[in-house]
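Trainee: I should be grateful for a close look at one part of this protein, namely the open sheet and the elements around it. Please explain how it is put together.

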Amino acid sequence: MTQQGHHHELVADTPVGGRYRVRRVIGRWKVGTAYDVSASDREGVLTLLAMDLAPGQTARYLRWIQREAERNQALPADLLVPLHGGHIAGEAVYMVLGPFRGRSLTQVIKSDGVFSERRVAEIGHRAAHLLAAAHAQGVFLGSLRPTTLLLDPLGDDPDRPVIFDLGLARGLSELLIASPRGARAYYAPDRPRDARPTAADDQFALGALLYHLLTSETPPRIDAEGVKVITPPSWKRADAELAAYLDPVVLRAMAPRARDRYPGTAPLGDALAALAEVFGLSPAAREMLGLPSRDAGFRREPTNPHLLHDYLGVPAEVAGGDPLPMLDIDPDED
């Protein structure tokens, strides 16, 4: 993220809010400048974001951050959400989150390329259960995308996801001078514009992230009416013999209507965890169970593009008997 407009700058060793002390700048983003800080009442490093609000919004922000902090304290540490905040000077305020560590999915895919089926399922089920923990506390993100899902925060677990969320979709964007635009490819088609996010919206975003992990492509635009169908992600991975097992899971999470998705992110996580176990079987075990294996002469059959419609009971043809058109990949402009 790049910086736009003026943001309150803090130098090293500056005290903030009576509890924090600036150590170093870690990034200048559109919403503000991020710092590593130490806290007087806890060990380790935290992230402090200094932001400039729109005129007259300071009191509203202070009420907002208090509500966020009270609710977020019970969430897992791998959910980097607002934990504290306050006023700096003028329209400048600060927000404190857990330590910003790891690499974003965007960075990892750029350096490592597409992920294996097992890695997609492993990261996916862990991220799904993080979302389920947030939803259980009434916290819905609404801004999940490749730049806000980080991996390997401690440098010892490449598949450990960390979700970074400032609360933009929960009201923060309304208070800032300049707020990032949403990444439309990760927005559920049935989510009303400017509406607060729901658990179903977060599930759709995770499904789109899984599509991106498996293909390295921008997820396709989903038709809100559910008439057009999308290319199953396994079609993009002729090299991945087990990718077709992910198709029904990913496509169900990306269903156009919330009622057709999983009943929650925990069931989605359970499905992905089961697939991670299957993908971890040895070739001999796969052959014993009749699962695909090139060594056993397996011939890979592509998933039917109307899989989601068949799975959900949606008619496979539109009125008049014409085949449903394929929905081409449409690059995300955001």
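**The open sheet and its surroundings**

Mentor: Let us begin with a single pair of residues: G85 has M95, in strand 7, as its bridge partner. This pair belongs to a wider pattern, for strand 6 and strand 7 (residues 92-97) are antiparallel and are joined over five bridges. Please keep in mind that the model is predicted. Its mean pLDDT is 84, and 84% of the residues reach 70 or more. Over residues 1-5, however, the pLDDT is below 50, although this stretch has 13 contacts in the model beyond near neighbours in sequence.

The pairing of strand 6 with strand 7 is one part of an open sheet of six strands, which follow the order 1-2-3-4-7-6 with antiparallel pairing. At the edges stand strand 1 (15-16) and strand 6 (84-89); each has a single partner strand, so one side of each is left without a neighbour in the sheet.

We may now turn to what lies against the sheet. Helix 1 lies across strand 4, strand 6 and strand 7, and runs at about 160° to strand 6. The loop between strand 4 (42-52) and helix 1 (58-72) contains Q57. With a relative accessible area of 18%, Q57 counts as buried, because the cut-off for buried is under 20%. Apart from neighbours within four places in sequence, Q57 is in contact with E91 and L175.

Another group of strands deserves attention, with strand 10 (residues 161-164) as our point of reference. Strand 5 (residues 79-80) runs parallel to strand 10 and is joined to it by two bridges; here L80 stands opposite F164. Strand 9 (residues 149-151) runs antiparallel to strand 10, and three bridges join the two; in this pairing L151 stands opposite P161. In a regular strand, side chains alternate between the two faces of the sheet. In strand 10, P161 and I163 are on one side and V162 and F164 on the other; all are buried, and both faces of the strand are covered.

Finally, consider a contact between helices. The axes of helix 4 (residues 199-215) and helix 6 (residues 265-279) come within 10 Å and cross at roughly 25°. These two helices are therefore roughly parallel to each other. Helix 4 contributes A199, Q203, L206 and L210 to the contact, while helix 6 contributes T265, L268 and L272. Sorted by class, the residues of this contact are five nonpolar, two polar and no charged.

Definitions and conventions
Residues are numbered from 1 along each chain as its sequence is written. This is a predicted model: local features need pLDDT of at least 70, side-chain atom pairs count only at pLDDT 80 or more; totals for chains, interfaces and linings use all residues. Side-chain values use heavy atoms; hydrogens and water are left out. Axes are lines fitted to C-alpha atoms, for helices over the stretch in contact, and angles run from 0 to 180 degrees between N-to-C directions. Helices (H or I, at least four residues) and strands (E, at least two) are DSSP runs, numbered from the N terminus. Angles under 35 degrees count as roughly parallel, over 145 as roughly antiparallel, 65 to 115 as roughly perpendicular and the rest as oblique. Contact means heavy atoms within 4.5 Å. Ala, Val, Leu, Ile, Met, Phe, Trp, Tyr, Cys and Pro count as nonpolar, Asp, Glu, Lys and Arg as charged, and the others, Gly among them, as polar. pLDDT is the predictor's confidence in each residue, from 0 to 100. Buried means under 20% relative accessible area, exposed over 50%, partly exposed in between (1.4 Å probe, protein chains only). Two strands pair if DSSP finds at least two bridges between them.
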